[in-house]
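I opened the file to go through charge pairs, a pocket and the sheet, in that order. My notes follow the display.

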Amino acid sequence: MFDSLYTSVGVTPAQFFIMAAASLVSGFLYAWIMSFRIRAKKRFFIVTAVVPFVVAAVITFVSGNIGAGVAVGGAFSLIRFRSAPGSADEITSLLVAMGSGIAFGMGYVAYGVIILLGMAVIYLALSLLPIFEHKSMSEERMLRITIPESLEYSGAFDDTFKHYLRSYENAGVKTTGMGSMFRLSFKIVMKDPAEEKAFIDELRTKNGNLEISVLPYTEPQNQL
């Protein structure tokens, strides 16, 4: 059961189709299980489902051929430059799918199925368990304040921040509106979330009633 399907002679059509069926079925089961915890578009889960078979097919046909392996590796490296950055969940799920594809491609069908479905169950269980959670992170918000060019923003909002916020951190500044305005970004934690409207109203009196936004805090590549 845990031995490789393939022999030293080569890969027969029957062996290939067994591998293809196992990788596709387990791939779709894996994508279905992961869909309960990952928020992504339908296309992502379709790609995740077929990646084990695609990787397995490549491994099957380049096995033992160094030149073909190098060529395929170079072709795969080009895909990185046409792919949008994904979340940690998406990247992890694709890495697991690719890892199982290597096992399938070497003929170890049972190990490939165990890797896919086992990791899906483990990921689902870890997501449901109350571990690795930091309550303070859920309280963090991203505050963005647009101010006119004429306003000296250094320390302009400190008194308001000290009154309403438990903590705040400058996250950057950029120009907007063709350079006629500035947009300030702060990572904040409210003392009392119920005072958010009063907090914004007081800020509006200082920034000339320009745009203010309070959003859930994330760690994007460009917070501004």
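Entry 1, a pair in helix 8. I looked up Asp201 and found a salt bridge to Lys197, with the closest N and O atoms 2.9 Å apart. I note that the model is predicted. Both Asp201 and Lys197 sit in helix 8, four residues apart, which is about one turn of the helix. I then checked accessibility for the two residues. Lys197 counts as exposed because its relative accessibility is 61% and the cut-off for exposed is over 50%. Asp201, at 27%, counts as partly exposed.

Entry 2, the other partner of Asp201. I found that Asp201 also forms a salt bridge with Arg204, and here the closest N and O atoms are 3.1 Å apart. Asp201 and Arg204 are three residues apart in helix 8, so about one helical turn separates them. Arg204 has a relative accessible area of 36% and is partly exposed. Through shared partners, the salt bridges join Lys197, Asp201 and Arg204 into one network.

Entry 3, a pair from separate elements. I recorded a salt bridge between the side chains of Lys206 and Asp159, at 2.6 Å from N to O. This pair links distant parts of the chain, the two residues being 47 residues apart. Lys206 is in the loop between helix 8 (196-204) and strand 4 (212-216), while Asp159 belongs to helix 7 (residues 158-164). I checked accessibility again: Lys206 is partly exposed at 27%, and Asp159 is partly exposed at 49%. Asp159 stays in that class because exposed requires over 50%. How many salt bridges does the count come to? I get four.

Entry 4, the second largest pocket. I read off a volume of about 340 Å³ for the second largest pocket. Its lining has 12 residues, and Arg37, Ala88, Asp89, Tyr123 and Ser127 lie nearest the centre. Helix 4 (88-105) and helix 5 (109-128) are the elements that give two or more residues to this lining. Which element gives the most to the lining of the second largest pocket? Helix 5 does, with three residues. I sorted the lining of the second largest pocket by residue class and got six nonpolar, two polar and four charged.

Entry 5, the sheet. I traced an open sheet of four strands in the order 2-3-1-4, with antiparallel pairing. Strand 2 (165-176) and strand 4 are the edge strands, and each pairs on one side only. The twist averages 20° from one strand to the next. I then followed strand 1 (residues 140-148) against strand 3 (residues 181-190), and the two pair in the antiparallel sense over nine bridges. For the register I looked up Glu140, which stands opposite Val189 in strand 3.

Entry 6, cross-references. Strand 4 comes up twice in these notes: as an edge strand of the sheet, and as the element at one end of the loop that holds Lys206. Helix 8 also comes up twice: Asp201 and Lys197 lie in helix 8, and the loop holding Lys206 runs between helix 8 and strand 4.

Conventions: Residues are numbered from 1 along each chain as its sequence is written. This is a predicted model: local features need pLDDT of at least 70, side-chain atom pairs count only at pLDDT 80 or more; totals for chains, interfaces and linings use all residues. Side-chain values use heavy atoms; hydrogens and water are left out. Buried means under 20% relative accessible area, exposed over 50%, partly exposed in between (1.4 Å probe, protein chains only). On a 1 Å grid over the protein atoms alone, a cavity is a set of points where a 1.4 Å probe fits but cannot get out, and a pocket is an open set with protein on both sides within 12 Å along at least five of seven lines; lining residues have an atom within 4 Å of a point. Grid points are joined across faces, edges and corners, and a volume is the space filled by probe spheres set on the points. Ala, Val, Leu, Ile, Met, Phe, Trp, Tyr, Cys and Pro count as nonpolar, Asp, Glu, Lys and Arg as charged, and the others, Gly among them, as polar. Two strands pair if DSSP finds at least two bridges between them. Axes are lines fitted to C-alpha atoms, for helices over the stretch in contact, and angles run from 0 to 180 degrees between N-to-C directions.
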